[in-house]
Amino acid sequence: MSSGAQPATTDDSDEEYTFEDVSVVMGTYNEEEAIGKVLTDIDEVTDGTAEIVCVDGSSDRTPEIARDHGATVIEQEPQGYGVAVRAAILEPDRPIVVTTDCDDTYPMEQLPEFLALINDGYDVVSGDRLYHGADAMPALNRLGNHAFAAVASLLMGTRVHDTTTGMRAYRRDVVEDIEWTENTGLSAELLLRPLMRGYDVREHPIEYRERAGQTKLDPFKGGAEIARSIVKVPLEERLRELPHRPTQ
């Protein structure tokens, strides 16, 4: 995995993507305090050219605010993080997909950096919240994320620094190529599977801000589910690499 300033090999097609090629997607659940600012920031940074898709299970004004900002809103019953993000990713057809959260913790002003790295040839650009310390993150979450990264690195044999970040850019063919099996652990899965399948992944430092509104994830139950995913996904990928006997 690339993690320093060294650029990746430029895509053979030399195609230069713009924000007209980008869909910014997110799952939303009762985020009326923050969603308006997040969508305004995206519009300002991309000059209103990026497509925005929200998959929403809210009981508050979140979907109304999102529509007022021009976002496409897909309403579904709350079924967890992965179910919502999966639907959000699969809805648009633009060649670059950016995932983010709707709680204003992620720096939309860094979207041009993510797009530039995709244009440098990376398949996945993953925001590293821990690089700058993530002081706005609760201490328990910060400790857990360091532990997740250490376990994932050991199991994969590749150093990673932030497995559960919600801010990433993907070439669409990457997310369409891999199997998705996780829900709470989907953010980890969408980093680990591309890495283990040889895609060019870059972790990129981002600033992490204090969230607006209340977190919906139980740190213990959610943390246990993420830990399970971080163990399960690399083991599945190792088994996938083993030679298989041809069926008779």
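Which helix does Pro112 lie in? I looked this up to open today's notebook page, and Pro112 turns out to lie in helix α4. A reminder to myself: this is a predicted model.

**Entry 1: Pro112**
I checked its exposure next, and Pro112 is partly exposed, with a relative accessible area of 34%. I then left out residues up to four places away in sequence and found that Pro112 touches Phe19 and Val45. Phe19 caught my eye, as it sits 93 residues from Pro112 in sequence while their C-alpha atoms are 8.5 Å apart in space.

**Entry 2: the largest nonpolar core**
I turned to the largest nonpolar core, which has 35 residues. Met26, Leu39 and Ile42 touch the most other members. I noted the elements that each give two or more residues to this core: β1 (22-28), α1 (35-46), β2 (51-56), α2 (62-68), β4 (96-99) and α4 (111-119). The largest share, five residues, comes from α4.

I followed Met26 further, setting aside its neighbours within four places in sequence. Among the contacts of Met26 I listed Ile35, Val38, Leu39, Ile42, Ile52 and Ala88. Ala88 is also included in a second, separate core of 29 residues, along with Val175, Leu190 and Val233.

**Entry 3: Val85**
Is Val85 buried or exposed? I found Val85 in helix α3 (residues 81-90), and it counts as buried because its relative accessibility is 5%, with the cut-off for buried being under 20%. Beyond residues up to four places away in sequence, Val85 touches Gly27, Thr99 and Leu186. I also looked up Arg168, which is 83 residues from Val85 along the chain, with 12 Å between their C-alpha atoms.

Key. Residues are numbered from 1 along each chain as its sequence is written. This is a predicted model: local features need pLDDT of at least 70, side-chain atom pairs count only at pLDDT 80 or more; totals for chains, interfaces and linings use all residues. Side-chain values use heavy atoms; hydrogens and water are left out. A nonpolar core is a set of buried Ala, Val, Leu, Ile, Met, Phe, Trp, Tyr and Cys residues joined through side-chain atoms within 4.5 Å. Buried means under 20% relative accessible area, exposed over 50%, partly exposed in between (1.4 Å probe, protein chains only). Helices (H or I, at least four residues) and strands (E, at least two) are DSSP runs, numbered from the N terminus. Contact means heavy atoms within 4.5 Å.
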